Amino acid sequence: MKQSLMVGLPIALLGALLAAVPSHILPVCETPHGAAPMRCHWTGMMMIGFGLTFFLVGALLFFCRTNGVRTGLSAAALLLTATAGTVPDFLIGMCAAPAMACRTGTYPGVMAVLALTAAACAANLVYLRHLATRERHGDETSHHRSHRAEQS
Amino acid sequence: MTVLETSNLCKEYRRNGDPFLAVDNACLEVGEGELIGVVGRSGSGKTTLLNLAAGLLKPTSGGVRFEGADILALPDGEMSRLRNRRIGYVPQGQSLLANLTVFDNVRLPFHFLPRGDDASGRTSFLLDELGISHLADMYPAQLSGGEMRRAAIARAMMNRPILLLADEPTGDLDPAAIRGVMDVFAALAARGVAVVFSTHEDEAVGRADRVVEMASGKLSERMHSEA
Amino acid sequence: MKPLTTVHIALNNLKRRPLRSAGLALAVAVFSFTMFGGALLSASVKNGIDSLSRRLGADILVVPRGYDKKLQAALLRGEPSAFYIKGDLADKLRDVPGVEKTAPQLYLATLDAACCTVPIQVIAYDPASDFVIAPWMASAASPTPGDDEVVVGSMIVGEAGGELSLFGRTFRIAARLDRTGMGFDTTVFTTMGNARKLLRTAKNAAIENFQPDSVSAVMVGVQPGRDLKQVANAILREFALEYDLDIVVAKNMISDIAKKLGGLSYLVHILAAAFWAAAAGVLSLFFSLLLHERRREFGLFRILGATRGKLAGIVLCEALAVGAAGGLLGIMAALGLTLPFHRHVAMSLELPYLAVSFPAMAILGAACLAVSLAVGPLASLYSVCKIGLGDAYLTLRSGE
């Protein structure tokens, strides 16, 4: 249970946070009445999508028990954060003026959460590798113990 | 040559406010290369005697001389140096540090007063000599009782002491393991290391050069035929 | 094989209880986050205030009545405003006893810029007589805008040599200014001539009470040694009724802002002190428990020949490691918040805000880290002094 929480919970929470940043916490620029939505609006929608995806990945990590599957999920989530990071600057973009709300608030908020998510995924990979090594050592020890028991 | 000499050693404790003597006027001489067994019932004062001899406890009265010098007069730094370099001690029960490997546990005393020696070489040699070199990278939780006891002996021998004190080194061990530990002690004694160990096991007592008995804090020599 | 050092043993001990060690580091991190973040904020606001007072130039600012707050908003936060008084005031003010020089400025507000829906402030000045904007532009090596040219603040979209559309008219960007931490960052500067030309063909300009020779404010320089309050009162006595004026004394404006900074700094210091005390308390408790919990281990160390000093070294090393980890974590978190969000913070504070330079940040960070490092050893002092006292064997047994 503790292991499942450690690998799943941070990513799920960060996913929820990522979705909340452009919608509630540091919202994108308001679309003027009658005008077409600006680029930051669509970037915000993408971030909500990515955020929900990370939340689901976190949930899957929690419920999955197999180390291999967890490692695969964490690696995929790490790649996903890189993709998400290209949306505000390249794929869609944000407003040009530095003083706009999306530039001063949403953009740094989204990038900070993505950086934390990437760090959480990387930490997961390290932790899962450590667990795999410990499991292997545990197998060697019990083999050593049963071998000693047989000898005596 | 006399390595250790206690004269009229007394240690008084208080139990429920009443004084009692855990060690009562103990006089013991330990020569170079002697293998001495200390026997007695539980609570007879064996452990207290060993601890007084190692300078781990301050006596209520009496003296302890190590290589002719009064250890009770030594300042803490000097006493620590003595315990590190000249006296090896194997405590009762499990005494390895859980978060260090066997290798690190054994070389730990060297770290406290480093010299120019090769600690790793000495550690590997000791592990080999005690037959546990294959366990160097394991942690104490992965070892059996006998293996841990051997590792503790190796640790006590790390800095080449001339006196080894072992408190119940054969406790909880099977006969084969007891024999193994006593073989190690005998080999050390043959090399000139004075070994004093407390024990309940007859098999261990039988290997000693001399046997002393503690009873209600009083020390007496036991004839070998009584063992 | 790596040598088995005091540091190795200390770090191993911390690794043995990762959650507890993390909790302790977190206690220190909260303190260092507050201290470093607060120090950065205060230093940046102070930087902004210094920037403001350097650029303000004038001793007294004369504006239409009721618009003193709007002027301050325009100067401090770049909130676009447009207000007007009769243009001949600037010349008349020179005759007031104590006045050394005057310079008119014209403020325009656009409701739309070409690219984005953020309103921007336009400030027009007379390069020949101006002593507020012209000198600091010169010191910033910025060219004076020529015909149909503007100089833009750091937050305006557009590079030098590019174009900017104002009121439906295209201007060439002669230069782009560095950050000032005040309202000038979202301001477009141009000459009076350009501004008046612009207004003749203006679209979407907010214009109230505008006459062809109107100005928005008059900057007044007072003779050295004269009492500012006296000169201000003289101006009001002579012109308040005729021109319907208000006066802003620059020094008072700056000292009001400085008082707010003082309040902010005070709050930060109180919080930092409270968190330091909390971290020290938590760590003291931990090290007392540690001493109790590891009596057997310490007893064993003594049996193996470790001096009291060696034991103290191990405990102090653990304390330092916790302090270092927590200190660094808090500093990184503070940087992670203030650097990316500095514009958001500046706009929220409604104070001049100019981020400190990296060397200054490094000095603040080093000072913060030093204080964080001190928390652990100070908190563990009592435990360190008690370590190794008493018989080693009793210590060993008491831990069983």
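**Group meeting: chains A, B and C**

Okay, let's start where two chains meet: 13 residues of chain C are in contact with 12 residues of chain A, and "in contact" says that their C-beta atoms, placed from the backbone, lie within 7 Å. On the chain C side, helix 11 (residues 342–349) gives the most, with three residues. Helices here are DSSP runs of H or I with at least four residues, strands are runs of E with at least two, and both are numbered from the N terminus. That side of chain C splits into eight nonpolar residues, four polar and one charged. Nonpolar covers Ala, Val, Leu, Ile, Met, Phe, Trp, Tyr, Cys and Pro; charged covers Asp, Glu, Lys and Arg; the others, Gly among them, are polar.

Quick housekeeping: this is a predicted model, where local features need pLDDT of at least 70 and side-chain atom pairs count only at pLDDT 80 or more, while totals for chains, interfaces and linings use all residues. Residues are numbered from 1 along each chain as its sequence is written, with chains lettered from A and ligands numbered from 1 in the order in which they are written.

Now chain A. What does chain A have in the way of helices and strands? Four helices and zero strands. Its C-alpha atoms fill a box of roughly 85 × 20 × 20 Å along the principal axes. The radius of gyration of chain A is 21 Å, where a compact globule of 152 residues would be near 15 Å; that's taken over C-alpha atoms, with the globule rule being 2.2 Å times the number of residues to the power 0.38. Buried residues make up 36% of chain A, buried being 20 or more other C-beta atoms within 10 Å of a residue's own, with C-beta atoms placed from the backbone.

Over to chain B, which has an open, antiparallel sheet of four strands in the order 2-1-4-5. Strands pair if DSSP finds at least two bridges between them. The edges are strand 2 (18–31) and strand 5 (69–70) of chain B, each pairing on one side only. Strand 1 (residues 2–15) and strand 4 (residues 61–66) of chain B share five bridges, and S7(B) stands opposite G63(B) in strand 4. Helix 1 (residues 46–53) of chain B lies across strands 1, 2 and 4.

Last, chain C: 13 helices and nine strands. Of its 400 residues, 47% count as buried. The C-alpha atoms of chain C fill a box of roughly 95 × 45 × 30 Å, taken along the principal axes.

Technical notes
A residue is buried if 20 or more other C-beta atoms lie within 10 Å of its own, exposed if 12 or fewer, and partly exposed in between; C-beta atoms are placed from the backbone. Axes are lines fitted to C-alpha atoms, for helices over the stretch in contact, and angles run from 0 to 180 degrees between N-to-C directions.
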